[in-house]
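Open the model in a viewer, with a selection panel to hand. The stops below can be taken in order.

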Amino acid sequence: MMAALVSLVVLVPLLAAALTLVLGRRARPQRIVAALALVIVLGMSVALLIGVDAGGAIVVEAGNWPAPFGIVLVVDRLSALMLLVSSLVLLAVLIFSIGQGLADGDDETPVSIYYPTYLILTTGVMVAFVAGDLFNLYVGFEILLVASYVLITLGGTQARIRAGVTYVIVSLLSSILFLASIGMVYGALGTVNLAQVAERVQELPVDVQILLHVMLLVAFGIKAAVFPLSFWLPDSYPSAPAPVTAAFAGLLTKIGVYAIIRVETVIFPSPELNPALMVLALLTMVVGALGAVDQADLIRILSFTLVSHIGYMILGVALGTVAGTAAAIYYIVHHIVVQTTLFLAAGLVEREAGSTSITRIGGLLASAPIVAVLFFIPALSLGGIPPFSGFIGKLGLFQATAAQGDALAYVLIGAGAFVSLLTLYALVRVWNLAFWRPAGDVEGDETRLLRAVEEAPDGRDAPAETRTTPRLMTLSTAGMVVVGVALTVFAGPLYSVADRAAQNLDGSSVYIELVLPGTTSGEGAP
Amino acid sequence: MTVSLVLVVVMAALIACGVYLLLERSLTRVVLGFLLIGNGVNLLILIMGGPSGFAPIYDESLDPSAYNDPLPQALILTAIVITFAVSAFLLALIYRSWRLANADDVSDDADDVALREGALTMPIEEVSPDEGDTDFPVEVSR
C-alpha cells in the first residue's frame, strides 16, 4: 500500500500533465485536473510522512529488480517531509496562479502550456525527492529544470527571454557537471546506487574521494545558489510571472540543498570538507544579505534574501552533527514555506500597486491592509523575530553550531545573527517605503493620478480596467501564511520529526542497511 | 581498468572546445559549446564503462568478463535524449531572442547595470504581469 504511494506520487502529476496537455485550450477542465492532481499528491504525501515516521522508511524496487541492479525509490523521513512541504507549496502556488489566470482573462487567451508544464515541474520535484540512485536524481533534476526553463520564459517577452537565457545556461552547466560527476562515480565505484556508492566509497583513495565530493558539491551548489555560484539567481528570478517565481524560490534551490544533505550525510559523512562548507555558508549569508539591502525592487530584495538564507541551511549541513542536520531540515521546511509566501505576497503587491519597485509605490497599508498583513507576518518570520518559525530555526542552528565550540563556529553564529538583522533591515525598508509611507510621498506619484482618474466625478465606480485582486490569490497567500504560523505553533512535533530524520542520516549505515539489507559483499567493479 | 587513449583525447578536446565556446557571449556559440561538452561528458561515461567487449546478450560460451558493461550505455542514451530536448529548447530561445531584440548574446542584467552606475531607480519596462500572449510582436524593421 505505502509502496504504491511512492510510485503514485510521481505518476499522478505526470499523468495529469498529459491530461491537461490533451485538454489543450479548454482552460477550465485544465485547472480542475491540475488542482485535483496536486490535492491528491498532497494527500499521498501526508500519508507517506505519517507512514514513514511511524513504520520506518519505504524502499520500492522498480520492476521488482533487486536493489543494486534495478532502480530503487527510497522514501525516508527526510524525503517524506520534503514531499509533504513541496506538494503543499506547489498546491498553494497553483491556486494562486489559477486566481491570477482567472483575473487576467485566461478564459479568452489561455496559455495552454502553463498547467502541463507546472505539473511536469511537480513530477520532477517528486522524482528528485524519491530517487534512490544518483542517475535517477539527475533525471529528476532534468525533468524539473526543463519544465522550469519553459515557465521562466513563459510568454516570451524580452525581459523574460533575457533572464531565461542566464538561467538556462547556468542550469545546463550545473547539469553537465552533475552528469560528469555521475560518470566519474561510476568509473570509480561501478555503481550509481546511492547506498552502494556509500558502501564502496570508503575504499577509495582520499584524493579521489575529495575530487568526487567537490564535483558533486559544485553541481548541487549551483542549483542551491551557494555563494560563489549564486549570482545567476537574483538576475533570473525576478522577471518570471509572480507565481512561477514563488514556486522556484521556494522549491528549486531547496532541492539543491536536499541533494547536498544527501551527499554530505549518505555518501561522504567524513568531515574533511566541513570547514570549507562552513566558510561558504558564511559568505553566502553575508553576501546575499548585503545584496538585499541595496536593491530597489521588492522581488530582487526577496531573491537576495533567498540566497542569503541558503547559507543558514548549508551551515546546518556543514556541522556534520545530528543536531546540525536536524536544524537544517527544520530550516528548509520553514524557508520553503515562508519564502514562497513572501513571493506570493510580492505578487499581490505587484497587482495592487502595479509595480514592485519600492521607490515607486507607497501607501499600501492604507489601500490594501490585507496584503500588508500577509507580507508582514512572513517578513517577521524570515527576519527571525520570535516567536515565528524563523526564530526557532535559527535558534536550533545556533545551538548546534555552538556545540561545535571552535572559533569558526562562533564567527558563524555572530554572522548569522548579523545577517538576520540585515534581512530584517531590508524587509523593514520595504515595509516603510511600500506599505507605511503615505501614497502622496512617492516621488513622481503616478498612483495618485491614477486614483484620481478612477474616482472620476461622474459618480460611477472604478472603470473596468482597474485590476482588482482576485479573492483566490489572497486566499492562497493567506493559506500559506497560516501554514507558516502553524510551523511555529507545531514546532515541537515538526522539530522532532526533523530530529528523527537527521538521526537516520547520521552516517551512511542506516541508509545502506535500508536499501541493501544484510549485504556487505561487493559485486565487483567492472 | 584499461581505456582507449583515443577516446580520452577526443573527450578532452570536445570538453576543451566546449568550455571555450561556452565562455563566449554569443548565444549560438554557447549552444554549440553546450553540445560539445554534452558529447564530451557522454564519452566520459562511456570511457568509465571500462574496456570494450561483446554485446551484453547472454551467451553460454562466453566468459562473463568478456561482455561490455551495458549500464553506462543506458545512462548515455538517457543523457543524449535530454541533451537533444534541451538543445531544441535553446535554439527556440535564441530564435525568440533574435526576433525580439535582434540580439544573439547574453546581455547584462538591467538592474545590475543600474546599480553599477549608482542609480537606484532603474528603468523598468512597464509590462503588465503575465500577459499570456505567445504571438510574436510586430516585426522589427531590419
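The tour starts with the complex as a whole, goes through chain A, crosses to chain B and ends with the low-confidence parts.

**The whole complex**

Bear in mind that this is a predicted model. The predictor gives the complex an ipTM of 0.80 and a pTM of 0.87.

**Chain A, overall**

Select chain A and show it as a cartoon. The chain has 21 helices and 2 strands. Its C-alpha trace spans about 85 × 55 × 40 Å along the principal axes. Does the radius of gyration of chain A agree or disagree with that of a compact globule, and why? It agrees, because a compact globule of 526 residues would be near 24 Å and chain A has 23 Å. Of those 526 residues, 63% count as buried. Counting contacts in chain A between residues at least 6 apart in sequence, 80% join residues at least 24 apart.

**Helix α2(A) and the two strands**

Select residues 27-55 of chain A, which form helix α2. This helix has 29 residues, and the distance from its first C-alpha to its last is 41 Å, close to the 42 Å expected at 1.5 Å a residue. Then step to A:Gly56, just after α2(A), where phi is positive at about 90 degrees.

Next, select residues 58-61 and 72-75 of chain A, strands β1 and β2. The two strands pair in the antiparallel sense, over 4 bridges. One bridge to pick out joins A:Ile58 to A:Val75 in β2(A).

Show the side chains of β2(A). In a regular strand, side chains alternate between the two faces of the sheet. In this strand, A:Val72 and A:Val74 point one way, while A:Leu73 and A:Val75 point the other way. Are these four residues buried or exposed? All are buried.

**A contact from chain A to chain B**

Select A:Val146, in helix α5 (residues 134-152) of chain A. What does A:Val146 touch, leaving aside its neighbours within four places in sequence? The residues in contact with A:Val146 are B:Ala85, B:Val86 and B:Phe89. A:Val146 has 21 other C-beta atoms within 10 Å and is therefore buried, the cut-off being 20 or more. For a distance across chain A, measure from A:Val146 to A:Phe418: they are 272 residues apart along the chain, and their C-alpha atoms are separated by 37 Å.

**Backbone details in chain A**

Go to A:Ala225, in the loop between α8 (206-224) and α9 (232-236) of chain A. Phi of A:Ala225 is near 60 degrees, a positive value in a residue other than glycine. A:Ala225 counts as buried because it has 27 C-beta neighbours inside 10 Å.

Now select residues 242-267 of chain A, helix α10. The 26 residues of this helix reach 37 Å from first C-alpha to last, close to the 38 Å expected at 1.5 Å a residue. Where is α10(A) kinked? The kink is centred on A:Phe248 and is about 35 degrees. The helix is mostly covered, with 26 of its 26 residues buried.

Move on to A:Pro387, in the loop between α15 (369-383) and α16 (389-404) of chain A. The peptide bond leading to A:Pro387 from A:Pro386 is cis, with omega near 10 degrees.

**Chain B**

Select B:Ile94, which lies in helix α3 (residues 70-101) of chain B. Leaving out residues up to four places away in sequence, B:Ile94 touches B:Leu27, B:Thr28, B:Val31 and B:Asp104. B:Ile94 counts as buried because it has 20 C-beta neighbours inside 10 Å. Between B:Ile94 and B:Val3, 91 residues apart along the chain, the C-alpha separation is 38 Å.

**Confidence**

Finally, colour both chains by pLDDT. Chain A has a mean of 84, and 92% of its residues reach 70 or more. Among the elements of chain A, helix α4 (residues 114-130) has the highest mean pLDDT, 92, and helix α18 (residues 446-454) the lowest, 53. Over residues 456-466 of chain A the pLDDT stays under 50, and the model has 3 contacts there beyond four places in sequence. Over residues 520-526 of chain A the pLDDT is also below 50, with 8 contacts beyond near neighbours in sequence.

Chain B has a mean pLDDT of 78, and 79% of its residues reach 70 or more. Among its elements, helix α1 (residues 5-22) has the highest mean, 92, and helix α4 (residues 110-116) the lowest, 70. The last selection is residues 120-142 of chain B, where pLDDT stays under 50 and the model has 32 contacts beyond four places in sequence.

Key. Residues are numbered from 1 along each chain as its sequence is written. Chains are lettered from A and ligands numbered from 1 in the order in which they are written. A residue is buried if 20 or more other C-beta atoms lie within 10 Å of its own, exposed if 12 or fewer, and partly exposed in between; C-beta atoms are placed from the backbone. Two strands pair if DSSP finds at least two bridges between them. pLDDT is the predictor's confidence in each residue, from 0 to 100. Two residues are in contact if their C-beta atoms, placed from the backbone, lie within 7 Å. The expected span of a helix is 1.5 Å times one less than its number of residues. The radius of gyration is taken over C-alpha atoms; the globule rule is 2.2 Å times the number of residues to the power 0.38. The bend at a residue is the angle between axes fitted to the seven residues ending there and the seven starting there.
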